[in-house]
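Me: I'd like to talk through this model with you, starting with the fold and then moving on to how the chains meet.

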Amino acid sequence: MIKKLIPFIFISPALSLITLTIIAPLILMIRVSLLKPPEGTGFYIPETFSLQNYQSLLDTYRISILINTTIFALEVSVLSILLGFGFAILMQELSNHWRIICFTCLLLPKFISPLIIVFGLQRILGSHGIINELLIATHLINEPLDLIRNHFGALIGEIYLTIPFVTLFLFYQLTSIDKETHNAATGLGASNYQVFRKITLPMCYPGILIIWQLSIAWNLGSFLGPLLLGSPSNTTISCEIYHQAFEIGNWPLAATWGVLMTAIIMTFIWLPKLTISFMFKENPK
Amino acid sequence: MKTTLVRILLLTILVSLILPIIISLSIAFSPDSFLTIPTNNWTSKWFYDFFYQTRWIEAFLRSLIMAILSTFLSLTFGMPLAYAMTRLNIPWKKLIHGTILLPLIIPPIIIGMGALPLFYAIRLNGTTFEVVLIHSCLILPIIYLILKNKIQNISPEIENVAMGLGAGLFETLWYITLPLLYPAIAISGICGFAISINETMVALFMAGPTNETISTITWSQLKEAPTPLIAVASIINLIIILIGTIAIKFASITFSYNNNRTNRI
């Protein structure tokens, strides 16, 4: 009797933790998004029901925020996968000694608060930052370039925060490919480019898909880059949530944004999976 | 020719990865109270200053306690979970696996926003414990993935032998499986500690005056009037994490003889 219960005893603490801190808040968030916003203090007016928050999302400004966020997440994820894949391929060719240095440089940003990284980027790219001072000192430009407080700044900031994970993940994906396949292809007369195009890249597709989904999920919630390095014209959903919840105090509208963002993320996670399983059902072999 | 080109490319990448961190940490040694990158005057007075500011010290100790507690909590919850998910029979394994990985894909801002009214309702708001709970939930998937990977690599034969010789399940876990897991537990513990101590978004939502962390003070200073103390706090955090990592490295060298012997059985 007790033997049958042991697996459930093993998993129940962790599952109850997840339920308390993720699932219950998500359900509560859906409920809050259906309440009326408060007039005075407090989070919301309890015991009300309205779809007013969802209707209010349908104005042009809020739809533009939604589109902005999605395009921004797509841009960041594609750019960081391209850069990270290049770096991972470069890391493959290195000796062990250099590889450890690369790993340290990639892991260091994860041991430091993201605020510090964004702060450093402000110092580098700002109008009195290193890059502008250098360019002015060498007389390449006369006026400082606008590198932060625009779309470029936000993009750079988020790429900096995403790229270590992407590179490490793709590096492990590359090392898990059997070296013998390379030797076989080269032995049969393939050039380096052909080996990469016909062998290495197709074997990496599953990993690239997973890390693409993950980085989209992270960057749909991007907050620090757009807020501290971007301009007000490219606010994301997260900035809007922070603004609505803390600066205005309209908790139900913030919760509505949260529900919408969770829905978009789940779409990006599930849609490729469903498409692939549908495509392979047509011809099982 | 080609190798020089590759080397230059590599150095550029590495320098550009590290440069923002070096720049912002170097401000800790600047003599001015407004933020300049020090050029010829280096000072360590901000480090002394840090230890005399009660607000910073309290927040620092609180972050440290939060990080240790949440790592401990999610390790104690994560170990049996990872073991059960690899070795034991559990219905709906895929669904549970997906549920545990949820904190990885749901942005922390949503977790923070959703959890605040909940903890307000159960009167936990403003305590250290609520941040510990949420942090341990954020750490759990990483600990789970690392430990699960390690348990899959341990041959089940070892456990079967122990059980065949008359040991119960808990004896086998305590004397056989747990010692083999020590390196993975240490690594995942360090990862969890680093995540918790640097976590910003959830702390931002949760923190009032009674449970400020290093991240929230850094945030409020960055928005208003930043001082070099931000960089000092970061350096101290980094030193703690690095000491932990080096200690694990040495411990694993010392105990590798024992481990090898156990592996060979």
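**Chain A and its contact with chain B**

Reply: To begin with the contacts in chain A of this predicted model, among those between residues at least 6 apart in sequence, 71% join residues at least 24 apart.

Me: How many helices and strands are there in chain A?

Reply: Chain A has 12 helices and 0 strands, so that, in keeping with how elements are assigned, the order from the N terminus reads α-α-α-α-α-α-α-α-α-α-α-α.

Me: And what is its radius of gyration, set against a compact globule of 285 residues?

Reply: The radius of gyration of chain A is 24 Å, whereas a compact globule of 285 residues would come out near 19 Å; the C-alpha atoms occupy a box of roughly 75 × 75 × 40 Å along the principal axes, and 35% of the 285 residues count as buried.

Me: Changing topic, how many residues does each chain give to the contact?

Reply: Chain A contributes 56 residues and chain B 54, and on the chain B side the largest share, 11 residues, belongs to helix H1 (residues 2-26) of chain B. That side of chain B has 43 nonpolar, 11 polar and no charged residues.

Me: At what angle do helix H1 of chain A and helix H3 of chain B pack?

Reply: Helix H1 (residues 2-32) of chain A packs against helix H3 (residues 54-87) of chain B at about 130 degrees, with the axes 8 Å apart, and the two are therefore oblique to each other; their crossing is left-handed.

Me: Which residues meet there?

Reply: Among them are A:Phe10, A:Ile11 and A:Leu17 in H1(A), and B:Phe77, B:Leu81 and B:Tyr83 in H3(B), and by class this contact has 11 nonpolar, 1 polar and no charged residues.

Note on methods:
Residues numbered from 1 in each chain as written. Chains lettered and ligands numbered in written order. Predicted model: local features only at pLDDT ≥ 70, side-chain atom pairs only at ≥ 80, totals over all residues. Contact = placed C-beta atoms within 7 Å. Helix = DSSP H or I, 4+ residues; strand = E, 2+ residues; numbered from the N terminus. Nonpolar A, V, L, I, M, F, W, Y, C, P; charged D, E, K, R; others polar. Rg over C-alpha atoms; globule rule 2.2 N^0.38 Å. Buried ≥ 20, exposed ≤ 12 C-beta atoms within 10 Å, placed from the backbone. Axes fitted to C-alpha atoms, helices over the stretch in contact; angles between N-to-C directions. Parallel < 35°, antiparallel > 145°, perpendicular 65-115°, else oblique. Left-handed = near helix turned anticlockwise from the far one by under 90°.
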